[in-house]
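Hi,

Here's the structure I said I'd pass on to you. Have a look at it, and then read on for what turned up.

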Amino acid sequence: MKIVVIVYAVSWLILLIVYIISLFENKKSKKKDYALERLLNKHKSTKDKILDKLVYIIMIIFAPLVVLVVPYIVIKHIK
């Protein structure tokens, strides 16, 4: 169990590092993204906005589990 917690924590750190790097790389295009997002959100209903937030929460919770599953899939595919 201790190993799973360590792998989970390391995967969160990797995701955090990737996120920080992407923030620095996308500073210039952020204005365009904001304008597009504002245009798309104007036509969404409240239910759609809640569903979008729910999908983001689910992705954040289960994203580190991919670090555990991908090696298993690769090894299984090789065998």
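Just 3% of the chain's 79 residues count as buried, where buried means under 20% relative accessible area, exposed means over 50%, and partly exposed lies in between (1.4 Å probe, protein chains only). Before you go further: this is a predicted model, where local features need pLDDT of at least 70 and side-chain atom pairs count only at pLDDT 80 or more, while totals for chains, interfaces and linings use all residues. Residues are numbered from 1 along each chain as its sequence is written, and side-chain values use heavy atoms, with hydrogens and water left out.

The accessible surface adds up to about 7,600 Å² (Shrake-Rupley method, 1.4 Å probe; for residues, only the protein chains shown count as cover). Carbon and sulfur atoms hold 74% of that surface.

As for the fold, you'll find 4 helices and 0 strands, in the order α-α-α-α from the N terminus. Helices here are DSSP runs of H or I with at least four residues, strands are runs of E with at least two, and both are numbered from the N terminus.

Now two residues to click on. Ser 11 sits in helix 1 (residues 2-25) and counts as buried because its relative accessibility is 1%. Beyond its neighbours within four places in sequence, Ser 11 is in contact (heavy atoms within 4.5 Å) with Pro 64 and Val 67.

Leu 68 belongs to helix 4 (residues 65-78) and, at 33% relative accessibility, is partly exposed. Leaving out residues up to four places away in sequence, Leu 68 touches Val 4 and Val 7. Leu 68 and Val 7 are 61 residues apart along the chain, yet 7.7 Å separates their C-alpha atoms.

Cheers
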